[in-house]
Amino acid sequence: MTDQPHAVEADTVEAVVRQQLAKALGGRRGMAEAAVPTILFTVTWLTMRDLNTALFVSIGAALLLLVVRLVQRSTVQFVVNALFGIGIGWYFVHRSAAAGGSEQDQALAYFLPGILYNGGYAVVLAFTCLIGWPLVGFMVGSITGDATAWHSDRQVVKLCSRLTWLLVAPCIIRVAVQAPIWLAGSSGSIDPDAAVAALGVLKIVLGWPLQLAALGSMVWLLSRNKTPVASDPATA
């Protein structure tokens with residue numbers, strides 16, 4: 001690729017993507033920090049049926065993780081992400097309460113941002129693939145120092161498109177499964193308590209386990225080929 005302000009620390013596109021995915025997810029600890037507050041909210045609601053308690057428990061867990069990070073002087077990115085997600089959920093709950101919604105309606109409102117986020121994320125990532133500029137490609141660009149030179153290599157574009165579709169798949173599955181349940185619970189087609197319970201369980205089952213399955217598929221795909229990181233577009 002072109003002149004690079006940062007040295008490339010990997011010889012293949014596959015190695016570059018593995019490095020960037022590990023950095024983006026924060027490793028096992030980062031993934032746990034992102035998942036624990038949501039899991040605690042869901043479990044607390046399912047066992048105690050008290051929305052305020054569930055919110056306080058999830059926020060308390062996230063704040064505790066944040067304090068640990070600050071004491072260790074390590075990155076707080078993933079804890080802050082969790083707090084941001086809880087904050088958005090709380091906002092939707094507050095809006096539902098202000099509109100006169102029952103506690104069940106408010107609990108349902110907590111799950112709506114996640115459904116909307118996954119839907120929007122899937123649309124954006126799918127769009128980047130359809131127009132031939134898959135998002136994963138920019139991971140390659142970010143580490144080689146040229147944001148777009150990777151696009152001159154068809155092999156790289158093809159690989160990055162496949163990897164991006166693997167990131168899209170979990171989002172589509174979550175929306176396809178959760179959205180009908182949320183709509184049914186909100187409309188009264190099914191018991192709201194049953195809908196909240198189902199969404200809570202699905203948020204756990206379709207959360208990191210599904211994400212890890214997608215990442216496992218990406219690792220398998222990355223292990224199959226060795227696409228060189230070109231140092232000049234002309235050689236791509």
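In this predicted model, helix α4 supplies nine residues to the lining of the largest pocket, the largest share of that lining. The pocket holds about 1,400 Å³ of space. Its lining counts 39 residues in total, and those that lie nearest the centre are A34, Y117, N118, R174 and W208. At least two lining residues come from each of α1, α2, α4, α5, α6, α7, α8 and α9.

**Overall fold**

The protein has nine helices and zero strands. Read along the sequence, the pattern is therefore α-α-α-α-α-α-α-α-α, where a helix is a DSSP run of at least four residues. Of the 236 residues, 42% are buried. When contacts between residues at least 6 apart in sequence are considered, 73% of them join residues at least 24 apart.

**Surface**

About 12,100 Å² of the protein is exposed, and 65% of this area is supplied by carbon and sulfur atoms. Four residues, F127, L130, I131 and W165, make a nonpolar surface patch of about 450 Å². Of these, F127 lies in helix α5, which spans residues 103-130.

**Three residues in detail**

The table sets out the accessibility of three residues from separate parts of the chain.

| Residue | Location | Relative accessibility | Class |
|---|---|---|---|
| S161 | helix α7 | 14% | buried |
| L83 | helix α4 | 22% | partly exposed |
| R73 | loop between α3 and α4 | 80% | exposed |

S161 sits in helix α7, a helix that runs over residues 154-187. Its relative accessible area is 14%, so S161 counts as buried, the cut-off being under 20%. Leaving aside residues up to four places away in sequence, S161 touches C129 and P134.

L83 belongs to helix α4, which covers residues 77-98. With a relative accessibility of 22%, L83 is classed as partly exposed, because this class lies between the 20% limit for buried and the 50% limit for exposed. Outside the residues up to four places away in sequence, L83 touches I59, A62, L63 and L66. One of these partners, I59, is 24 residues from L83 along the chain, and the C-alpha atoms of the two are separated by 6.9 Å.

R73 is located in the loop between α3, residues 51-72, and α4. Its relative accessibility is 80%, so R73 counts as exposed, being over 50%. The backbone of R73 has a positive phi of about 55°, although R73 is not a glycine. Most residues other than glycine have a negative phi.

**Summary**

The model is predicted and contains nine helices and zero strands. Its largest pocket is lined by 39 residues, with nine of them from α4. The nonpolar patch of about 450 Å² is made by F127, L130, I131 and W165. Among the residues described above, S161 is buried, L83 is partly exposed and R73 is exposed.

Definitions and conventions: Residues are numbered from 1 along each chain as its sequence is written. This is a predicted model: local features need pLDDT of at least 70, side-chain atom pairs count only at pLDDT 80 or more; totals for chains, interfaces and linings use all residues. Side-chain values use heavy atoms; hydrogens and water are left out. Buried means under 20% relative accessible area, exposed over 50%, partly exposed in between (1.4 Å probe, protein chains only). Contact means heavy atoms within 4.5 Å. Accessible areas come from the Shrake-Rupley method with a 1.4 Å probe; for residues, only the protein chains shown count as cover. Patches are made of residues with over 30% relative accessible area and no salt bridge: like charges are joined within 9 Å, nonpolar side chains (Val, Leu, Ile, Met, Phe, Trp, Tyr) within 5 Å. A salt bridge is a side-chain nitrogen of Lys or Arg within 4 Å of a carboxyl oxygen of Asp or Glu. On a 1 Å grid over the protein atoms alone, a cavity is a set of points where a 1.4 Å probe fits but cannot get out, and a pocket is an open set with protein on both sides within 12 Å along at least five of seven lines; lining residues have an atom within 4 Å of a point. Grid points are joined across faces, edges and corners, and a volume is the space filled by probe spheres set on the points.
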